[in-house]
Structures are given as C-alpha cells and as structure tokens.
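Colleague: I would like to go through the labels used for this model and hear the grounds for each.

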Amino acid sequence: MKRHKLPQKAKPHTNFPKTNKKTDLRQKEEQDTAPKKKKRRKTGTGSVKRSQGTPYDDVFRTLLNDCTPMILPIVNEMFGTSYTGDETIDFHPDQHFLNQQGGKQEKRITDSSFTVADAVPRHYLLELQSTSDSSMLVRIFEYSTQIALDSGEITGSTLHVSIPDCGILFLRSTRNTPERMKIRIDTPGDSAAFDVQVLKTQQYTIDEIFDKKLLMLIPFYIFSHEKDFPEYNTNEEKLEELKTEYSTIADRLRHLKETGQITEYQHRMIIDMSGKVLKNIAAKYDNVREGIEETMTGRIIETEASRIYHEGEKHGEKRGEIRKSRRTAIRLHNRGDNLEEIADILEVDIRQVRKWIRKAAPTD
C-alpha cells in the first residue's frame with residue numbers, strides 16, 4: 001500500500017462549530033448591534049503562549065540550542081529512557097500555525113520539539129512552565145496534534161498520525177501540582193489517551209542535579225529559594241549561607257570543566273544563563289541578586305561566552321559555537337524578538353546579530 005505524506009503547504013483546516021445554533025444566531029445579532037470595542041487578549045482556558053516568551057523560556061531555548069546534549073539527561077529523568085549522550089538530536093521548527101475557526105491560523109511558539117535518533121527514533125515535545133495555569137494541557141494538545149499532522153501520512157484511506165512524547169518542566173510547584181498529567185480523546189465508539197510527564201525542578205537538591213547530570217536545571221535552581229528572598233535580603237547571616245551554597249555550585253561546575261565533562265563554553269553558558277534567571281526572579285531583592293552574581297561570576301566586565309565568540313571570529317576558533325549562536329539568533333528573530341533582546345540573550349554585539357539576520361534574509 002502506497003503511503004503519502006500530508007501536504008505541508010496546504011494543511012487541513014479543522015473547524016470546531018458550536019452546537020447551539022440558536023445561541024450562535026443570538027450572539028451574532030448582539031455583536032452586529034453592539035458598539036465596537038477594542039479587542040482584548042483572552043486569558044481563560046483557551047489562552048496560549050504568544051510569540052513573546054518569558055525570560056525563562058528564552059534561557060531554556062538558549063541552553064537547548066547552545067548546550068544541546070544537556071537535554072538528554074532531562075529526557076532520561078522524565079521518560080525513563082537511557083540515552084548515553086552520543087545520540088543525535090534533531091530539532092524541529094518551533095513555530096506552528098494552528099488552525100482556528102473560520103479558517104484562520106494563529107502562530108504559536110513551542111519551547112522545544114526534537115527527535116532523538118536512536119535505534120527507534122522518538123519525537124519529544126517539552127514545555128517550560130513557571131506556574132501552573134489552566135491552559136497548559138490545552139497548549140500541549142494543540143502543539144502535539146499539530147506536530148502529529150505535520151508528519152502525518154495517508155495510507156490508502158487511512159490517515160496515520162503520531163503524537164510525540166510530551167512533558168512539562170515546572171519551575172514552581174505546590175502540593176497540588178500533579179506527578180503526571182493526561183490528555184484523553186473520546187472518539188465515536190472508542191477513546192484514546194496519552195500521558196504528559198511532569199518534572200518539578202524545585203524538588204531536586206543540588207546534589208541530585210549534579211549526580212543525575214541535570215545541569216540544564218542549574219540556572220533554575222534559584223526557584224527553590226524564592227520564598228526565602230525577603231529573609232535573605234535583610235538577614236546577612238542567611239545571605240552568606242546562600243552565597244556559600246552557590247560558591248559550591250560554581251566550584252563543582254569548574255571541576256566538571258577541568259575534567260572535560262563539560263566544555264568551557266557550556267560552563268560559561270550555565271553561569272551566564274543562571275545570571276539571567278536571577279536578574280528576573282530577584283529583581284526586587286538587590287542584596288540577593290548582587291550576592292549570588294558576585295559569587296558565581298565575580299567582577300567580570302566581559303563575559304567568557306562573549307570572549308569566546310570574539311576570539312572565534314578573529315582566530316577562526318570556536319566556529320561550532322558561532323554557528324549555533326547564529327542559528328539561535330535567526331530563530332529568535334523569526335519568532336518576533338527584537339535585535340536588542342537577541343544580542344542581550346546571546347551576549348554578542350548587536351552589529352553581529354544584524355549581520356546574521358541580513359545574510360539569512362531571503363533574496364529575490
């Protein structure tokens with residue numbers, strides 16, 4: 001039986017009409033006669049992430065692009081896999097156009113969609129979530145089904161789609177945060193369901209993070225101390241305890257670098273991204289922010305990551321890192337970030353970002 005890929009340029013529209021026709025007509029009449037109002041963004045269960053992500057999303061995506069192998073221990077922890085780190089990771093476009101009512105399409109940005117090439121390749125979809133909200137499962141369902149359609153095939157008269165392995169990384173969690181979530185689909189005469197795996201970053205001690213090689217969680221480890229910021233900010237003794245802990249983290253990262261377990265660039269990216277998370281989460285707590293920054297990075301005028309880029313351009317070294325940075329810049333630009341934000345995220349000169357974007361622009 002011949003198999004056909006679904007056409008990508010003309011994706012099928014999926015409309016969801018309301019069942020109460022009388023209500024529809026009454027609402028339409030009211031809309032026609034009511035005074036026009038400015039459109040407001042919905043915030044209910046149908047709300048989803050727009051192209052503008054949070055600073056934490058930006059950090060997560062930057063680590064994914066520039067320190068890609070670090071995602072595999074996260075996948076092992078969430079899905080019970082046993083990847084060694086030698087597998088190939090292929091990222092998929094994180095921008096999707098979801099079909100809406102009336103044939104309209106809306107752009108959505110996923111945090112990460114990738115395939116791990118193993119004996120049996122598996123497609124994963126991970127979402128970073130700072131707090132729980134009612135739109136999470138809706139968003140996962142929309143993303144996963146659109147991903148499934150993007151790679152769907154038609155065999156004879158049957159459409160075959162595959163839902164990716166889905167997971168959510170919670171930066172904040174409570175006793176009510178579930179250990180696992182589920183999406184169930186009722187179909188005529190049958191039903192289907194799939195799990196959404198959950199990883200609660202606040203539950204991991206720093207020893208567990210290092211022992212399990214969950215190094216991508218280090219920038220977000222500060223969330224486990226968030227509730228104590230007011231005390232740290234006014235109690236010098238408590239602040240010193242926090243600084244001592246982060247001094248130990250810095251020493252352990254340096255040891256991994258010196259023993260070749262992570263590269264110099266990965267070492268600096270973890271520290272730089274930790275600083276970006278800290279800058280946002282502790283914006284109102286100067287003593288906390290400045291204390292940890294000094295402990296982790298010292299008084300550095302030019303970051304090591306920036307130096308690597310500049311030296312790479314001058315001497316032809318670190319070309320792989322430069323290529324990754326260029327790809328990241330183009331992806332961030334395509335999703336709507338301005339050049340200043342991109343330059344700040346990547347710690348590179350804005351003129352370099354402009355050069356990358358200009359070269360990537362299609363020519364007539």
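Colleague: Why is valine 161 called partly exposed?

Modeller: This is a predicted model, and every value here is computed from it. The relative accessible area of valine 161 is 36%. Buried requires under 20% and exposed over 50%, so valine 161 falls in between and counts as partly exposed.

Colleague: Where is valine 161 found, and what does it touch?

Modeller: Valine 161 is in the loop between β8 (158-160) and β9 (165-170). Leaving aside residues up to four places away in sequence, valine 161 touches Ala148, Leu149 and Gly152. Ala148 is among the buried residues of α4, which also include Ile140, Tyr143 and Ile147. Gln146 is another buried residue of α4; the C-alpha atoms of glutamine 146 and valine 161 are 9.7 Å apart, with their positions 15 residues apart along the chain.

Colleague: How do you know that the span of α4 is close to the expected one?

Modeller: Helix α4 runs over residues 136-150 and has 15 residues. From first C-alpha to last it reaches 21 Å, and 21 Å is expected at 1.5 Å a residue.

Colleague: Which residues make the nonpolar surface patch with Val161?

Modeller: Ile154 and Leu159 join Val161 there, and the patch covers about 220 Å².

Colleague: What makes isoleucine 154 partly exposed?

Modeller: Isoleucine 154, in strand β7 (residues 153-155), has 30% relative accessibility. That value is neither under 20% nor over 50%, so isoleucine 154 is classed as partly exposed.

Colleague: How many aromatic pairs are there?

Modeller: The structure holds seven. One of them is formed by tyrosine 83 and tyrosine 124.

Colleague: Why is the pair of tyrosine 83 and tyrosine 124 called edge-to-face?

Modeller: The ring centres are 6.4 Å apart, and pairing needs them within 6.5 Å. The planes stand at 85°, and the cut-off is over 60 degrees, so the pair is edge-to-face. The pair links distant parts of the chain, 41 residues apart: tyrosine 83 lies in the loop between α3 (71-79) and β2 (88-91), and tyrosine 124 in strand β6 (residues 122-129). Ring pairs also link both into a cluster with Phe79, Phe91 and Phe114.

Colleague: Are these two tyrosines, 83 and 124, buried or exposed?

Modeller: Tyrosine 83 has a relative accessible area of 9% and tyrosine 124 has 0% relative accessibility. Buried means under 20%, so both tyrosine 83 and tyrosine 124 count as buried. Of the 364 residues of the protein, 41% count as buried.

Conventions
Residues are numbered from 1 along each chain as its sequence is written. This is a predicted model: local features need pLDDT of at least 70, side-chain atom pairs count only at pLDDT 80 or more; totals for chains, interfaces and linings use all residues. Side-chain values use heavy atoms; hydrogens and water are left out. Helices (H or I, at least four residues) and strands (E, at least two) are DSSP runs, numbered from the N terminus. Buried means under 20% relative accessible area, exposed over 50%, partly exposed in between (1.4 Å probe, protein chains only). Contact means heavy atoms within 4.5 Å. The expected span of a helix is 1.5 Å times one less than its number of residues. Patches are made of residues with over 30% relative accessible area and no salt bridge: like charges are joined within 9 Å, nonpolar side chains (Val, Leu, Ile, Met, Phe, Trp, Tyr) within 5 Å. Accessible areas come from the Shrake-Rupley method with a 1.4 Å probe; for residues, only the protein chains shown count as cover. A salt bridge is a side-chain nitrogen of Lys or Arg within 4 Å of a carboxyl oxygen of Asp or Glu. Rings of Phe, Tyr and Trp (its six-membered ring) pair if their centres lie within 6.5 Å; planes under 30 degrees apart count as stacked, over 60 as edge-to-face and the rest as tilted.
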